[in-house]
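Work through the exercises below with the sequence and the model side by side. Try each task before reading its solution.

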Amino acid sequence: MIKAKVAAVSTYLPTPVVHNEELAALFPEWTAEKILSKTGIAERRVAAPDETAADLAFSAAEAMFTEHGIDRKSIDFLLFCSQSPDYILPTTACVLQSRLDLRQDIGALDFNLGCSGFVYGLSLAKGLIEAGSVRRVLLLTADTYTKFIHPRDKSVRTIFGDGAAATLIEAQRSESDAIGPFIFGTNGGGAEDLIVKTGGARHARTEGSAVEYEDTSGNVRTEDHLKMDGAAVMAFTLKAVPALVKDLLDTAGLAVDDLDHVVFHQANTFILESLRKKCKIPEDKFVIHMEHCGNTVSSTIPIALSSLPQAAGRRRRILVVGFGVGLSWAGTIIDY
């Protein structure tokens with residue numbers, strides 16, 4: 001029986017760094033220590049002005065081919081998850097197929113999803129492999145949210161960083177699943193809780209949309225920038241994620257004690273610690289890895305996975321959950 005498994009993960013972070021001290025100089029009411037205590041982030045990587053999410057994904061993929069000895073010609077399908085594609089059209093995955101010198105007889109597609117995107121990508125890859133269509137899927141996740149952020153909006157500038165990950169999902173002969181089951185959730189009614197309102201077909205960018213305004217918390221932005229309702233996102237997260245974790249464990253017939261690790265989307269440490277306590281997850285199983293990269297949106301989970309120490313060839317059972325912009329949430333269990 002053909003089953004899909006996660007075979008390898010590699011990551012890439014851009015070189016420029018924004019430290020808390022730099023942000024504290026812009027926002028005197030927040031010291032560097034306060035930013036760290038509130039977010040769990042000491043620094044975040046920021047893509048250069050001429051560096052795109054596709055560039056980050058390209059570097060992550062090249063790292064995978066080198067670090068894990070993967071033959072690029074063995075890739076049968078390329079998935080690219082991003083909310084900052086190179087173009088409206090063509091599909092960025094098609095551009096990456098050429099840049100990465102992959103075969104031409106492969107599939108390639110983009111899907112636009114944020115914080116839950118990695119889990120959705122695993123589901124798409126699993127479906128392609130277990131349907132017998134392909135044997136190796138390269139899942140690339142990359143975002144450059146910092147390009148959407150107003151420099152004086154501390155509500156999001158202190159949190160988000162840019163980054164990418166390359167994950168190889170491949171076929172294996174096995175009677176048991178190494179990826180799955182999956183639980184999904186969507187509430188588009190919360191779309192405006194985390195949004196870049198202009199620039200798409202619904203709302204064009206105009207002189208009016210570029211006018212700066214200041215919210216009640218002193219954050220400055222325009223309609224052309226990323227806007228987050230932090231309280232609404234927090235409320236959604238605390239309601240949706242614990243229910244998802246319970247449903248996922250019930251569906252899999254597992255308990256928290258059966259897991260080696262739990263990796264949630266790395267939003268910020270305040271949200272993560274609140275979720276850990278509400279889900280009754282022991283600290284030694286719970287992975288937090290964002291201090292030196294920030295919230296990298298679709299790549300936070302694979303970046304956290306790549307930080308786990310080697311387990312001497314033993315595959316570990318890990319529960320992963322993504323949640324955020326959409327509003328969208330998803331979870332699964334992987335042997336990694």
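**Exercise 1.** Locate aspartate 101 and state its backbone and exposure class.

*Solution.* Aspartate 101 sits in the loop between α4 (92-99) and β5 (107-111). Helices (H or I, at least four residues) and strands (E, at least two) are DSSP runs, numbered from the N terminus. Next, check the backbone: phi of aspartate 101 is positive, about 55°, although the residue is not a glycine. Then check exposure: aspartate 101 has a relative accessible area of 44%, so the residue is partly exposed. Buried means under 20% relative accessible area, exposed over 50%, and partly exposed in between (1.4 Å probe, protein chains only).

This is a predicted model: local features need pLDDT of at least 70, side-chain atom pairs count only at pLDDT 80 or more, and totals for chains, interfaces and linings use all residues. Residues are numbered from 1 along each chain as its sequence is written, and side-chain values use heavy atoms, with hydrogens and water left out.

**Exercise 2.** Do the same for lysine 280.

*Solution.* Lysine 280 belongs to the loop between α8 (269-279) and α9 (300-306). Its phi is positive, about 55°, and lysine 280 is not a glycine. Its relative accessibility is 69%, so lysine 280 counts as exposed.

**Exercise 3.** Which strands pair with β15, and in what direction?

*Solution.* Start with β15 (residues 328-335): seven of its eight residues are buried. Strand β8 (residues 179-186) is joined to β15 by six bridges, antiparallel. Two strands pair if DSSP finds at least two bridges between them. To fix the register, place isoleucine 179 opposite isoleucine 334. Now take strand β14 (residues 317-324): eight bridges join β14 to β15, again antiparallel. Here glycine 324 faces serine 328.

**Exercise 4.** Describe the turn between β14 and β15, then find the cis peptide bonds at leucine 327 and proline 181.

*Solution.* β14 and β15 form a hairpin with three residues between them. Glycine 326 in the turn has a positive phi of about 150°. The bond from glycine 326 to leucine 327 is cis, with omega near -10°. Leucine 327 is in the loop between β14 and β15. The bond from glycine 180 to proline 181 is cis too, with omega near 0°. Proline 181 lies in strand β8.

**Exercise 5.** Place these details in the whole fold.

*Solution.* Count the elements: nine helices and 15 strands. Then count burial: 55% of the 336 residues are buried. Last, take the C-alpha box along the principal axes: roughly 60 × 45 × 35 Å.
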